[in-house]
Structures are given as structure tokens and as C-alpha cells.
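Let's walk through this model together, beginning at the ligand and then moving on to how some helices pack.

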Amino acid sequence: MHTIMHLQEAIPKGEFKMIDLLSLDKNSSTHLYIQLAQQLKKLIKEEKIAPHTKLPPIRKLAQKLDINNVTVVKAYDLLAAENTVYKKVGSGTFVAPKLEVDNESPHLDEEVYIDEDSKFDQQIINFATAAPSPELFPVQTFKKLLNKVLDRDKGYAFGYQKSQGYLPLRESISNYLQNYEIQSTAQNIQIVSGAQQGIDILAKTFLDYGDSVLVEEPSYPGALSVFKAKGAQLIEVPIEKDGIKIAELEKKLNKSKPKFLYLMPNFQNPTGYSYSKKKMEKILDLAAEYNLLIIEDDCLNDLNYSSKPTLPLKALDNSSSVIYLKSFSKVFMPGLRLAFLIIPPEYLEDILLSKYISDIFTDGLVQRVLDLYFRQEIWTEQLDYLQQTYQHRYEVMVKSLKNHLPKEVSFITPQGGLNIWLKLPDTLTMEQLYNRALGAGVKIATGDLFYSQQPCQNRIRLSFAAVEAQQIKNGIEKLAKIIKDLLTKNNDILPPL
Ligand SMILES: Cc1ncc(COP(=O)(O)O)c(C=O)c1O
């Protein structure tokens, strides 16, 4: 059942009338700030709020509607951007004198991306980002658990924390990892502030200037940048649909002594490919033979849309060759900056020291809240919800691609994750495609971002993390049309940029 927030409480008269006419539906798929902006705009248009009337102060309106201040700020910003209201510094927000009624205002009817500074980005179907949609974040549950933590732990949640991480959380994670067939204990888990910090800490621990590192080709740019920044030489091993090319890996191991091999064995970023068990075993054999350390970055494993279970490489690691890194960014909330490492005993001391000298510890408050997710058994619910949501988006994207792309464009359907990796004909230049698509309101990630050496000219990564189903359909149709037009070089019929 939908929860409707309706206002009855008394506040100054003019405001009361206005606020009393607002009702937001927290369960609607439309953002609350868009609902609020739409309703205010309607009241203004219907002259129920006179020109130059001051809108309720942000905090007061937020309180009365039981929403965040930020939601009201965003709604007012949205109205200001289309001149429905105006702002007076220090005085507030006022109804603009003449409303240019725009019945098809795109700002209010569709999703708008607003950055942290509440500035408007252009409306865009963003297939370039693999960051999850904020409307999927479990804000209400988080709020409840946050309050529990605050009531329970009070100031202790804000004090200096153990550098290795909040012990109950490490225990919860260790128990939870049994679902992935990974054996660990709280003692060999290090909580880190996001997987990016995990990668940085590992690079800091193991790399000196001029060392070499083996990476998949293509790979996650955030990791490549860290390794390069440490002065490492990157040795790329091409990946195919069941994992990196083993013969190439062996050849490179014979020629060099890399400090480690950085891998994403399940739903690899950017390709979406997953390693076969056979390849995983072979890689572990090679690791034992060549005394090779492996860093497994496993941020998408939970988003499996097939009936075939996926196993982390770490689950097969009997000789402590693998340091396992897992982020909560894609399946929880990236803003919390939460991830963890499982560290074989021989590397523990050095890595713990690197974390300590990086930032001493990861935010204790959010660690405590995440721990309650596990202890109150809400975590599986959270995963199921996201898994189902993303699976729907995934199915829509795969179907749209199959229906609309010309035959010259190919892709291997991944079994999970957030990305689809397209191969385009060499006759297309990615820059041209990127610009055309952006001009039509569709943003894509071009393949060159994911290679450290040779720029690959004919690949793009499409992510459905931040785009809802209908927008996926629209975006893929537009993109396919642009590709077809570029392929036929019939530039004249392209829509104006
Ligand atoms: C493969 C991979 N590793 C690490 C990260 C960084 O994640 P976090 O937000 O936890 O720092 C990302 C982010 O997209 C990623 O795709």
C-alpha cells in the first residue's frame, strides 16, 4: 500500500494553506523532489500561490513533509532552473511573477541528474557510469538502523576505531563469506574505505617504482591509474569470454617477475566476462608454480542473473595466493565508502600498516550500521532487491540491443554484473560516436578508457546501473540509430546536434 504524506499541522497561515495542498508518495518511482517540484509548479500555474509569495523555508517544509532538507533544496533548484521561482540571497525562494507555462517541461517530467552541489547537469541517459541509481538506496532502513546504532553506542560510534575495522562487522562478514565458500576469520579481514582505497593500499604495500604488474586487457581504469601512479609497468594479458588467455599469461610469467596479478574473475569490468572454473584452477596452479600473488577484485559477483552459481577465485585458493577485495558500493551505497580485504597471514602485517598510515581507520558509524544489516538478516533482502532490479534492467538492455543494433555490432551476453561490452566495426571512430550520442542525450564509455597501452578504437561499454528500464529502451534505440547512420555514412539525416 502506498504511504501518502499529508500535512495537517499548523504553521503560519499562508504557508499552511500551501503546505496542506502538498502530498508526496514515498513509494512512487518518481523522486520525491520531482513530485514536490511538480506539485508546487501546478499550484503556481493554477494561481493558488500568488506571484512573489515566499515559499516555505527549506527546513520547515522538509520537517512537515518528513523528507530530507536536500529533497526540498533540489525541488526549489529545479523550479528556479526553469524560472518558476526566484531566489533572494538571505531571504528565501519566491514565486516568479510571470510563469512561462511549459506543459512539457522535461525537467519535471523525467529523471534529472543533480550533482552534489545541486547544480543541474543536462538531462542525459547515462550509460557511461556504473554507479548505482540513488533512488535504489535503502535510505529508510538505513535511517532506522543508524538510529539504533546511535541509541546503542552513543559517542563510541564517533571515537577512534580499531584500524583493522569494527570487530563485530569483521565477524559478520566472515560468517557471511561462507555463502561464497570462502573460509576466513575476523583476524584476516581488513575493512577499507571503498575498493579504490583497497587497491591503493595494496599498491602502496607491494609496489616500488619500476615494478611490473599483470593486468587483464581491458581492465578497470581506477586500478590501472593507481598502479601507474606508483610507477609500475603494466603488462596486459588479453581477456576472452572465459577469462584471460592462459598461454599469454604463462609467456609473460616466463619473461618477467610481476609483483602481482590484478583480476576480476566474475562479471569483469568492463567486459562482463566471467572465468571458467578450469581457467581459475589453472591460474591458481600458475600462481603456486611462479610464486605469484593475485589480487581478486570482486565487486559485482552478487549480481548474477543466471541459474549458474559463480564462485570467487578465493574460494578455490588453497595455497594463500589470493588477496580478496570486495566493495559494498555496487550492492549497497557507494557514498558510505565501505569495502574489505581478506588477507593471507604472510601479508597481514604489512597491509594493516599501509591502511593505518593511509587514514587510520574507516568510518566507525557506517561500519556499525552495516553490521546490523548482517546481524538482523536484512542484508540478503537488500541483495535480492538490487539483484531483481538490475536483472530487469539487464534483460531490457540485452533485448533492446538485440532488437535494434545493426548486425555489424556484436557483444557477448554476460551472465551478470552491470555492464555490456560492445564490439563495433573498425570503420567507426569512437570519438565521433561518443559525440553524436552525447548530442542526442546518450552518454557512453568508449573502450580506450579501459586499456593502459594500445587504445582500442572499436569498443564501448554500456552500463545499466544508473538508467531505469524505459530510459534504457529509449537510449538504446537512439544509439542504434546513430550507429546505423554512421555506418551508412548518411550523416545528412542525423538529428541536429
Ligand atoms: C572493478 C572495480 N573495482 C573497484 C571499484 C571502486 O569501488 P569503490 O566505490 O568501493 O571504491 C570499482 C568502481 O566502479 C570497480 O568497478
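Here is a short tour of the ligand site and two helix pairs.

A quick word on ground rules: this is a predicted model, where local features need pLDDT of at least 70, side-chain atom pairs count only at pLDDT 80 or more, and totals for chains, interfaces and linings use all residues. Residues are numbered from 1 along each chain as its sequence is written, and side-chain values use heavy atoms, leaving out hydrogens and water.

Start with the ligand. Among the residues around it are Gly194, Ala195, Gln196, Tyr220, Asp297 and Arg337, where being around means having a heavy atom within 4 Å. By class, this shell has four nonpolar, five polar and three charged residues; here Ala, Val, Leu, Ile, Met, Phe, Trp, Tyr, Cys and Pro count as nonpolar, Asp, Glu, Lys and Arg as charged, and the others, Gly among them, as polar.

Now look at the ligand's oxygen atoms. One lies 2.7 Å from a backbone N or O atom of Ala195, and a polar backbone atom of Gln196 is 2.9 Å from a ligand oxygen. Arg337 joins in through its side chain, with an N or O atom 2.7 Å from an oxygen of the ligand.

Next, the helices (DSSP runs of H or I, at least four residues, numbered from the N terminus). Helix α7 (residues 167-176) packs against helix α13 (residues 364-375) at about 40 degrees, their axes 9 Å apart; axes are lines fitted to C-alpha atoms over the stretch in contact, and angles run from 0 to 180 degrees between N-to-C directions. For α15 (residues 430-439) and α16 (residues 469-487), the angle is about 135 degrees and the axes are 10 Å apart.

Terms used: A polar contact is a pair of N or O atoms within 3.5 Å; within protein, one must be able to donate a hydrogen and the other to accept it, and residues adjacent in sequence count only if both atoms are side-chain atoms. Helices (H or I, at least four residues) and strands (E, at least two) are DSSP runs, numbered from the N terminus.
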